[in-house]
Every structure is written in C-alpha cells, then in structure tokens.
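This report covers the charged side-chain pairs of one protein chain, followed by the surroundings of two further residues. The sequence and the structure come first.

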Amino acid sequence: MNINALRQKTQPLTMLTCYDYWSAQLLNKTPVDMLLVGDSLAMVMHGEASTLPADVELMALHTQAVTRGAPDKFIVADLPFLSYRKGLNAAVEAVQCLMQAGAHAVKLEGVNGNEALITHLTESGVPVMGHIGLTPQAVNALGGYKVQGKNAEAAQTLIDEAKRLQQAGCFSLVIECVPSSLGQAITEAVSIPTIGIGAGPHTRGQVLVLHDMLGFNTQFTPRFVRHYANGAAMLNEAVEHFVRDVQAGNFPSPEESYA
Ligand code: KIV
C-alpha cells in the first residue's frame with residue numbers, strides 16, 4: 001500500500017500500532033492498511049508511565065524492525081516528545097532519522113507552532129500525519145488522559161485545528177478521544193482522511209493499539225477499545241500447557257527429538 005492507494009481508497013482506512021519485527025511479519029499478511037510505530041511503544045513495550053520517555057533513537061530502532069517485517073505496508077512513525085519543537089534543523093534531523101529507518105510518513109501531535117514544519121516537510125517529500133484531540137505528549141498540560149472538545153468552544157478549536165493541519169499539508173490526521181459528534185464534524189470539515197481512536201464511528205478510518213485489541217493489555221481497557229481476541233488468556237493457556245507437558249515428561253516426544 002502506498003500513499004496514492006491510501007488516497008484513492010473509498011473503504012474506511014485501518015491502522016494498527018506495530019512496534020517490532022515479529023508482529024510486523026504477522027501484520028504484513030493481514031489486510032490492515034497502515035502500521036503506526038507509535039510512541040505508545042514507550043508504555044506498551046518499555047513499561048513507561050507515559051509516551052514522554054520515547055526519543056528519536058528508540059523510535060528509529062523500532063521503525064527499522066517494523067519496516068524489515070512489513071515490506072508491503074504503509075508505515076507511519078511518531079515523532080517523539082519535543083523532537084520537533086527544538087527548531088527547524090533539529091526537527092528535520094529527527095524526521096530524516098525516522099524516514100531513513102524506513103518510515104513512509106511521520107506523525108506529530110498538535111498544531112500551534114508546527115505548521116511551518118509540516119509545510120517544510122511536505123515540500124521536502126515527507127508525508128505528514130497530524131494528531132489532534134487528546135495528544136498524549138501533552139498529558140501534563142491536559143491534566144490527564146481525558147476526552148477533549150467537550151464544550152462548543154473547545155470543539156470549534158479542534159475543527160479549526162484540523163483545517164489548519166490540512167492547509168499546512170498533512171495528508172491525514174488522527175483524532176483521539178473526542179465525542180462522536182465532534183469526530184464527525186471534524187471529518188466533514190476537511191477533505192483529508194481522519195483516523196479516529198475514541199472519536200466515534202464517523203471518521204474516515206480507525207486506529208487501535210495492537211496489544212489492546214488483541215487483549216494483551218490486562219491492566220486498563222479504555223471505553224473505545226474492542227477486544228478482538230483474548231490474547232492474555234491464550235498466552236497463559238499455552239504456557240501452562242507447556243509447563244504441564246515438561247513436568248509430566250510429555251515434551252519433547254521422540255518425534256520432537258533427534259535420533
Ligand atoms: O502512539 C500511538 O499509539 C498513537 C495512537 C494512539 C494513535 O499515537
């Protein structure tokens with residue numbers, strides 16, 4: 001899937017997070033449109049309390065692994081916390097690092113102060129995905145992981161932000177954690193595809209964290225997550241079976257051993 005195929009697709013777009021070679025190989029064989037090397041990897045893969053500890057080096061390492069495993073997928077890499085807020089040169093270096101690691105596009109959070117960079121990147125041949133609503137890199141300023149755009153003024157600000165991202169050159173944008181009606185209003189206000197997470201059913205596409213939708217995250221399930229598998233139970237059952245077999249002397253069998 002390349003950016004032109006994405007632009008032409010009339011069906012809803014699908015995106016899942018992917019952080020490693022192993023899951024990238026599996027996802028490469030599925031019909032999902034895009035893989036996101038999200039900075040949520042700091043929490044999901046490294047046990048951090050927020051996305052803030054992710055840096056460019058870490059994002060590039062995971063991006064390389066994903067691009068090796070999923071050569072057929074359109075891969076978006078997150079620009080990590082503050083990496084695009086230290087001036088144009090530093091931001092371009094961060095982007096260069098992720099694109100040279102194999103990403104096909106970068107994603108960045110928020111609008112204020114980012115428009116010139118977005119335009120510079122798109123004019124330099126780098127597709128940029130925006131991200132508005134709940135922007136986890138700003139969790140300290142937002143006062144927690146809360147639904148955004150709940151009153152008329154905040155909703156209008158988000159609609160305006162989406163238009164500004166489109167104007168700056170974004171090819172798509174993620175809308176995170178807003179009321180469904182606002183997800184719809186933003187989607188109708190722009191012509192670029194909106195990808196929702198906790199933004200209701202009216203966006204042009206949906207994104208989920210892979211480990212959440214597979215049921216591997218047993219600690220917390222946000223309202224917007226649907227479990228498509230019970231990964232934690234499946235893993236537990238398989239490991240218990242292995243341990244039982246070893247303890248009972250049933251593994252390995254003669255067929256699983258060298259003569
Ligand atoms: O990092 C991430 O996983 C994301 C998604 C929540 C869209 O940005």
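Three salt bridges are present in the structure, which is a predicted model. Side chains of opposite charge can pair when their charged atoms come close. The pairs are listed below with their N to O distances.

| Basic residue | Acidic residue | Closest N to O distance |
|---|---|---|
| Lys9 | Asp33 | 2.7 Å |
| Lys107 | Asp78 | 2.8 Å |
| Arg164 | Glu115 | 2.9 Å |

**Lys9 and Asp33**

The side chains of Lys9 and Asp33 form a salt bridge at 2.7 Å, N to O. This pair connects distant parts of the chain, 24 residues apart: Lys9 lies in the loop between helix H1 (3–8) and strand S1 (13–17), and Asp33 in the loop between helix H2 (21–28) and strand S2 (34–37). Asp33 counts as buried because its relative accessible area is 2%, under the 20% limit.

**Lys107 and Asp78**

In the salt bridge between Lys107 and Asp78, the closest N and O atoms are 2.8 Å apart. Here two strands are linked: Lys107 belongs to strand S4 (residues 105–107) and Asp78 to strand S3 (residues 74–78), with the two positions 29 residues apart in chain numbering. Both Lys107 and Asp78 are buried.

**Glu115 and Arg164**

Glu115 and Arg164 form a salt bridge whose closest N and O atoms are 2.9 Å apart. The pair joins helix H6 (residues 115–123), which holds Glu115, to helix H8 (residues 152–168), which holds Arg164; the two residues are 49 residues apart. Glu115 has a relative accessibility of 25% and is therefore partly exposed. Arg164, with a relative accessible area of 28%, is partly exposed as well.

**Cys170 and Ser172**

Cys170 sits in the loop between H8 and strand S6 (172–176). With a relative accessibility of 3%, Cys170 is buried. Leaving aside residues up to four places away in sequence, Cys170 is in contact with Ile118, Val128, Met129, Gly130, Leu165 and Ile192. The C-alpha atom of Cys170 is 9.5 Å from that of Leu121, a residue 49 positions away along the chain.

Ser172 is part of strand S6. Ser172 is buried too, at 1% relative accessibility. The side chain of Ser172 reaches the backbone oxygen of Pro193 at 3.0 Å. Pro193 is also among the contacts of Ser172 beyond four places in sequence, along with Val128, Met129, Gly130, Ile192 and Ile195. Val128, Met129, Gly130 and Ile192 thus appear in the contact lists of both Cys170 and Ser172.

Technical notes
Residues numbered from 1 in each chain as written. Predicted model: local features only at pLDDT ≥ 70, side-chain atom pairs only at ≥ 80, totals over all residues. Heavy atoms only, no water. Salt bridge = Lys/Arg side-chain N within 4 Å of Asp/Glu carboxyl O. Helix = DSSP H or I, 4+ residues; strand = E, 2+ residues; numbered from the N terminus. Buried < 20%, exposed > 50% of the residue type's maximum accessible area, 1.4 Å probe, protein only. Contact = heavy atoms within 4.5 Å. Polar contact = N/O pair within 3.5 Å; in protein donor to acceptor, adjacent residues only side chain to side chain.
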